[in-house]
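Biologist: I have a new structure on my screen and I'm not sure where to begin. Could you walk me through it?

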Amino acid sequence: MASEFVHLRVHSEYSMSEGSILRVGRIAAAAKAGGMRAVALTDAGNMFGAVQFHEACKEAGVGEIFGCELEVRAEDASARNSPYQLVLLARGQDGYRSLVCLASLGAMRGPVGAK
């Protein structure tokens with residue numbers, strides 16, 4: 001029987017600043033071994049592992065949840081040095097496209113609110 005618990009914040013080797021050693025290809029297998037029916041990939045600031053994650057989940061028979069952890073800064077100058085980590089999860093194709101767009105904008109412009 002599948003567990004109702006699902007990891008919604010998992011970083012892979014693509015979360016460079018986090019120092020994670022968890023390989024994208026192993027995330028789905030670990031979720032399956034743990035009896036989970038799905039797992040999320042929420043790397044810090046990027047979606048680089050999405051295709052590999054999709055393929056691994058499909059092979060393991062585990063549902064995939066695409067996500068991304070983005071750094072957000074307040075517009076207020078007094079709060080500029082206090083970034084917030086925001087985990088966003090995609091819902092459907094439109095959500096996935098929006099998440100890829102946000103991650104791309106973050107890579108080009110820097111954290112939201114930064115000037």
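Modeller: Let's go from the whole chain down to a pair of helices and then to single residues. Keep in mind that this is a predicted model.

Biologist: Fine. How many helices and strands are there in the protein chain?

Modeller: A good habit is to count the elements and then read their order. Here the protein chain has three helices and three strands. Along the sequence they come in the pattern α-β-α-β-β-α.

Biologist: And what share of the residues counts as buried?

Modeller: For that you look at relative accessible area, where buried means under 20%. In this case 32% of the 115 residues of the protein chain are buried. As for the accessible surface, the protein chain has about 7200 Å², and 56% of that belongs to carbon and sulfur atoms.

Biologist: How do I read contacts between residues that are apart in sequence?

Modeller: You ask how far along the chain the partners sit. Take the contacts between residues at least 6 apart in sequence: 63% of them join residues at least 24 apart.

Biologist: Now the helices. At what angle do H1 and H2 pack?

Modeller: Helix H1 covers residues 24-33 and helix H2 covers residues 50-60; they pack at an angle of about 30°, and their axes are 8 Å apart. Angles under 35 degrees count as roughly parallel, so that is the word for H1 and H2. Their crossing is right-handed.

Biologist: Which residues of H1 and H2 meet?

Modeller: From H1 you have Val24, Gly25, Ile27, Ala28, Ala29 and Lys32, and they meet Gln52, Phe53, Ala56, Cys57 and Ala60 of H2. Sorted by class, this contact has eight nonpolar, two polar and one charged residues.

Biologist: What about Ala33: is Ala33 buried or exposed?

Modeller: Compare its relative accessibility with the cut-off, since exposed means over 50%. Ala33, which is found in helix H1, has 71% relative accessibility and therefore counts as exposed. Along the chain, Ala33 and Ala60 are 27 residues apart, while 9.5 Å separates their C-alpha atoms.

Biologist: Let's try a strand residue. Where is Gln85, and why does Gln85 count as partly exposed?

Modeller: Gln85 lies in strand E3, residues 84-89. Its relative accessibility is 46%, so Gln85 counts as partly exposed.

Biologist: Which residues is Gln85 in contact with, leaving aside neighbours within four places in sequence?

Modeller: Those are Glu69, Leu70 and Glu71. Take Leu70: Gln85 is 15 residues from Leu70 in sequence, and the two are 5.8 Å apart in space, C-alpha to C-alpha.

Technical notes. Residues are numbered from 1 along each chain as its sequence is written. This is a predicted model: local features need pLDDT of at least 70, side-chain atom pairs count only at pLDDT 80 or more; totals for chains, interfaces and linings use all residues. Side-chain values use heavy atoms; hydrogens and water are left out. Helices (H or I, at least four residues) and strands (E, at least two) are DSSP runs, numbered from the N terminus. Buried means under 20% relative accessible area, exposed over 50%, partly exposed in between (1.4 Å probe, protein chains only). Contact means heavy atoms within 4.5 Å. Accessible areas come from the Shrake-Rupley method with a 1.4 Å probe; for residues, only the protein chains shown count as cover. Axes are lines fitted to C-alpha atoms, for helices over the stretch in contact, and angles run from 0 to 180 degrees between N-to-C directions. Angles under 35 degrees count as roughly parallel, over 145 as roughly antiparallel, 65 to 115 as roughly perpendicular and the rest as oblique. A crossing is left-handed if the near helix is turned anticlockwise from the far one by less than a right angle, and right-handed if clockwise. Ala, Val, Leu, Ile, Met, Phe, Trp, Tyr, Cys and Pro count as nonpolar, Asp, Glu, Lys and Arg as charged, and the others, Gly among them, as polar.
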